[in-house]
Amino acid sequence: MSSLISLQNIKRHYEVGDEIVRALDGVDLTINHNEYISIMGPSGSGKSTLMNMIGCLDTPSSGKYEFEGELVHDMDDNQLASIRNRKIGFVFQTFNLLPKATALHNVEVPLIYSNIPKNQRIDKASKSLTEVGLHDRMYHRPNELSGGQRQRVAIARALVNDPSIILADEPTGNLDSKSGAEIMNILDSLYSRGNTIILVTHEEYIANHAHRIINIFDGKIKDDKIVKKK
Amino acid sequence: MFGLSRTKNGIMESFRMTIDAIRQNKLRSILTLLGISIGVFSVIGVMTAIRTLESSVESGLNVFGTNTFVIQKWPGIRVGNHGDEKYRNRKNIDYPQYEEFKRRARMPIMVSVSEGTSARNVKYRDKTVKRSIELIGGDEGTIRTYNTYIADGRNVTTDDVHSVRNVCLLGMDVVDRLFPFEDPIGKTIQIRGLDYNVIGITERKGEAFGGSQDNYIAIPITNFLQHFKNRWTTLSISVEAPSAEEYDKTMDEAIGLLRAIRKVPPGKENDFEIESNAEMIERFSGFTSGIKLFALSISVIALLVAGIGIMNIMLVSVTDRIKEIGIRKAIGATRTDILTQFLTEAIFLSEFGGIVGVILGIAGGNIVAVIFKVPAVIPFDWALYGLIVCSIIGIGFGIYPAWRASNLDPIESLRYE
């Protein structure tokens, strides 16, 4: 079976004044379907850059990135937008919901950009919200929801387009431990239903939900180990 | 990739966001709209007013029949005092000139004369009309050139003119005041102390240009010249051509004849004016086109300022929503989607302002119609141009902010607080 994601010798350099920052300095990584991966590393290690790279928000300075056979490193902005829309579900630390839109509309937005008719959008969005247990909060705005509920809206939004991977960047970082545990339960159950999940975190106990832990340091993968059998 | 339904979805979403954005920034949006509204208002208002005036001038001018023109010393419409000297030095048109003209003219089916002044304190027994009444000297054709008819009694005849009789026709306003309960025919009224026998009354014409057209007394021209002449008295000669085809020929004959009568040397310009409906309308439109141009230039400036306002507000709006743009881009919005969103907002803002301006402008223009008591006109074409211009402004001044929004980097935008 071919891999889902394949990064080969990915480099990402920034010029800051005269200095060149090597945020990623030759990363090789292969991720298969239905993996549950944690990416760990101290701040400044390049893990955010790696996440942006995997999430197709950023493109490499050099190297080869293949996502389900599509060559991401060659893509232009519109193609990147399209692949983010179709294949990646983002869950952010700060939720990143549209503050003025209802939960339902927030979940609907990716479907708008993938050109799905209104009635199907409502259908899919409400199904997705029901999956994360928010069927009774569909018409609430983010400010009327608790942190845990907001993050569940974000997960519903990430799921709504049936993405190939769910990319969660410190998903529990802004939550109390109880809400955090709930969110991790949802991610665990998504994994057990066949989804591929990539978790970026610096918390050991969060990372331990994953089956494979990747440590980043100075823009390079320091170690990559399977910690649990499927 | 950007199929029709995608565009439609995008525009619907853009529209939704626009409404949200305007709702959240009511004051800011209203101020922006105001600029556009004022610009559009000034065009539409002036255009409506001018249309209204034009239509009223045209209907007002139809006092002359279509094939009629008038010869007089002064031009019918003068704008300012420009060129007054030229007209003042002309000889007056006097009665002998008119008689000779009438005798020698072959083409016209009718030639008539009129001159007017005003009279106060017209009396019948114990009743007096204090306000001034237009006193017209004329002959048998004059009421025809005024486009009215005898309602009762008889018209002025050539006999009345030759015999310089003290007879008069009354307009309905005068009848209303002097003879509220009596039949005026055969009664005697006093104009400046002179007795005049009422021989007829004319049909009611109503108002035009905010004034009554029935407030007059007509007497034979000869009588008028005998009693009411002064050094400024100059006659207007109305000439009616037999048909539209012979109108030009009739006018040529009249000009030639009058030049001969007034002894204008060959090569010099006419020392009289020929006024026709067409010329009056033309002259009026020359006057209105000046106003139009002025209104248009004011509007262009106003709209330009409004456009800059829109650009400013859109730039603020983009900065306000950097985070939102980042979120939308992360979950799949393309540059085109973001561009569409902000352009829609700019166009909506200016269109909305434009519609408000059109409504106010039409309302304002129609107030002029009410004041001048003429039927209102709605300049649909200008309303349409106004809205098209608003779209152009929305696009023109919205494109840069929208372009900036669409080019924001998603990673940095997401990090923006």
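**Entry 1: B:Arg321**

I began with B:Arg321 and listed its contacts, setting aside neighbours within four places in sequence: B:Met17, B:Ala21, B:Gln341, B:Phe342 and B:Glu345. A note to self before going on: this is a predicted model. Where does B:Arg321 sit? I found B:Arg321 in the loop between helix 10 (277-320) and helix 11 (322-330) of chain B. Buried or exposed, I wondered about B:Arg321 next? B:Arg321 has a relative accessible area of 11%, and the cut-off for buried is under 20%, so I put B:Arg321 down as buried. From the contact list I then picked out B:Glu345, whose side chain is joined to that of B:Arg321 by a polar contact of 2.5 Å.

**Entry 2: B:Arg106**

Another arginine of chain B came next. I located B:Arg106 in the loop between helix 4 (95-104) and strand 2 (110-119) of chain B. With a relative accessible area of 64%, B:Arg106 goes into my notes as exposed, because the cut-off for that class is over 50%. Which backbone oxygen does the side chain of B:Arg106 reach? I noted the backbone oxygen of B:Arg103, at 3.2 Å. I also looked up B:Glu253: from B:Arg106 the C-alpha to C-alpha distance is 8.2 Å, although 147 residues separate the two in sequence.

**Entry 3: two phi values**

I turned to backbone angles. Most residues other than glycine have a negative phi. A:Asn96 caught my eye with a positive phi, near 50°. I placed A:Asn96 in the loop between strand 6 (88-91) and helix 3 of chain A. A:Asn96 is buried, at a relative accessible area of 4%.

B:Val164 also has a positive phi, near 50°. I found B:Val164 in the loop between helix 6 (158-162) and strand 7 (167-170) of chain B. For B:Val164 I wrote down 24% relative accessibility, which makes it partly exposed.

**Entry 4: where A and B meet**

How many residues of each chain take part in the contact between chain A and chain B? I have 27 from chain A and 27 from chain B. The two chains bury about 2,300 Å² between them, with 55% of that on carbon and sulfur atoms. Which three residues supply the most of what chain A buries there? They are A:Asn78, A:Tyr113 and A:Asn115, with 28% of the area that chain A buries against chain B.

I counted one salt bridge between the chains. In it the side chains of A:Asp77 and B:Arg335 meet, N to O, at 2.5 Å. Polar contacts across the interface come to five residue pairs, both partners at pLDDT 80 or more. On chain A, helix 2 (77-87) and helix 3 (103-113) each give at least two residues to the side touching chain B. Helix 2 gives the most, with six residues. I sorted that side of chain A into 12 nonpolar, nine polar and six charged residues.

**Entry 5: nonpolar cores**

Last, I looked at the cores. The largest nonpolar core has 69 residues, and A:Ile5, A:Leu7, A:Ile54, A:Tyr65, A:Phe67 and A:Ile165 touch the most other members. I followed up A:Tyr65: leaving out residues up to four places away in sequence, A:Tyr65 touches a list that includes A:Ile5, A:Leu7, A:Ile10, A:Met53, A:Ile54, A:Cys56 and A:His73. Apart from the largest core lies another, of 55 residues, and among them I noted B:Tyr98, B:Leu135, B:Ile199 and B:Leu258.

Note on methods
Residues are numbered from 1 along each chain as its sequence is written. Chains are lettered from A and ligands numbered from 1 in the order in which they are written. This is a predicted model: local features need pLDDT of at least 70, side-chain atom pairs count only at pLDDT 80 or more; totals for chains, interfaces and linings use all residues. Side-chain values use heavy atoms; hydrogens and water are left out. Contact means heavy atoms within 4.5 Å. Buried area is the accessible area (1.4 Å probe) that two parts lose on being put together, summed over both. A salt bridge is a side-chain nitrogen of Lys or Arg within 4 Å of a carboxyl oxygen of Asp or Glu. A polar contact is a pair of N or O atoms within 3.5 Å; within protein, one must be able to donate a hydrogen and the other to accept it, and residues adjacent in sequence count only if both atoms are side-chain atoms. Helices (H or I, at least four residues) and strands (E, at least two) are DSSP runs, numbered from the N terminus. Ala, Val, Leu, Ile, Met, Phe, Trp, Tyr, Cys and Pro count as nonpolar, Asp, Glu, Lys and Arg as charged, and the others, Gly among them, as polar. Buried means under 20% relative accessible area, exposed over 50%, partly exposed in between (1.4 Å probe, protein chains only). A nonpolar core is a set of buried Ala, Val, Leu, Ile, Met, Phe, Trp, Tyr and Cys residues joined through side-chain atoms within 4.5 Å.
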